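Dear colleague,

Please find below the structure that I am handing over to you, together with its sequence. My findings follow directly after it.

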Amino acid sequence: MLDFQPDYEADRPVYAQVAEHLRARIEAGEWKPRQRLPSVEHLMQQYGVARQTVLKALAMLRDLGVVYTVEHLGSFVRLGSDLVTVITVEPGMRVVPRPASETERAELGLPPGGWVVVVERPGRDAQVLPADRVELRGPAS
């Protein structure tokens, strides 16, 4: 049994509590990158919550880029946070998010509808990165 009890009186919805707990388990290394999470039914039993609660928790983790879901196969842990590219936006740089082209999706392993971030620096070739693996920061003070 898990060390988890939903707090129905909390300000955060139960699905967010489940998502936070799942994320903590992922970050603790319980599941490795590209490893499948337990099924929705199994998570329902583990957490003692409804199906919709688990589905919303997984959707929240997908939106945060922690997991990805493959229809009929389940949800999987995304690559580790060590593979996130941190871009510090400096004067003269251009950063443009846009939908990925078919070629970019194939090269970068992005799903249909995936996005990229194009980073242009003066005097250098443009860099095209998967949008879900980029963190943009402002210039250092």
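A salt bridge is taken here as a side-chain nitrogen of Lys or Arg within 4 Å of a carboxyl oxygen of Asp or Glu. Please bear in mind throughout that the model is a predicted one.

**Salt bridges**

By that criterion, E104 and R98 are joined through their side chains, with an N to O distance of 2.7 Å. E104 is buried, at 12% relative accessibility, whereas R98 is partly exposed, at 29%. Across the whole structure, the search returns eight salt bridges. In general, side chains of opposite charge can pair when their charged atoms come close.

Another of these pairs is R25 with E30, where N and O are 2.5 Å apart. Here the arginine is the buried partner: R25 has a relative accessible area of 8%, while E30 is partly exposed at 43%.

The pair D132 and R133 has its closest N and O atoms 3.6 Å apart. D132 is partly exposed, with a relative accessible area of 34%, and R133 is partly exposed as well, with 22%. Both residues belong to a network of salt bridges that also takes in R78.

**Helices α1 and α2**

How are α1 and α2 oriented with respect to each other? Their axes lie 12 Å apart and form an angle of about 105°. Angles of 65 to 115 degrees count as roughly perpendicular, and α1 and α2 are therefore described in that way.

The contact between the two helices brings V18, H21, L22 and R25 of α1 against L43, Q46 and Y47 of α2. R25 thus appears in this contact as well as in the salt bridge with E30.

Within α2, the buried residues are V40, L43, Q46 and Y47. Viewed down the helix axis, these residues fall within an arc of 120°, so they line one face of α2. The elements that cover them include α1 and α3. Directly after α2 comes G48, which has a positive phi of about 65°.

**Helix α3**

Helix α3 runs over residues 51-63, which makes 13 residues. At 1.5 Å a residue the expected span is 18 Å, and the end C-alpha atoms are indeed 18 Å apart, so the two values agree.

Which residues of α3 are buried? They are T53, V54, A57, L58 and L61. These residues occupy an arc of only 135° around the axis, which places them on the same side of the helix. Q52 and D63, on the other side of α3, are exposed.

The buried residues of α3 pack against two helices, α1 (14-27) and α2 (40-47), and against two strands, β1 (67-70) and β2 (74-77). The packing of α3 against α2 is found from the other direction too, since α3 is among the elements that cover the buried residues of α2. After α3 comes G65, whose phi is positive and near 80°.

**Points to look at**

When you open the model, I would suggest beginning with the crossing of α1 and α2, then turning to the buried side of α3. The network of R78, D132 and R133 may be viewed after that.

With kind regards

How values were computed. Residues are numbered from 1 along each chain as its sequence is written. This is a predicted model: local features need pLDDT of at least 70, side-chain atom pairs count only at pLDDT 80 or more; totals for chains, interfaces and linings use all residues. Side-chain values use heavy atoms; hydrogens and water are left out. Buried means under 20% relative accessible area, exposed over 50%, partly exposed in between (1.4 Å probe, protein chains only). Helices (H or I, at least four residues) and strands (E, at least two) are DSSP runs, numbered from the N terminus. The expected span of a helix is 1.5 Å times one less than its number of residues. The arc is that of the directions from the helix axis to the C-beta atoms. Contact means heavy atoms within 4.5 Å. Axes are lines fitted to C-alpha atoms, for helices over the stretch in contact, and angles run from 0 to 180 degrees between N-to-C directions. Angles under 35 degrees count as roughly parallel, over 145 as roughly antiparallel, 65 to 115 as roughly perpendicular and the rest as oblique.
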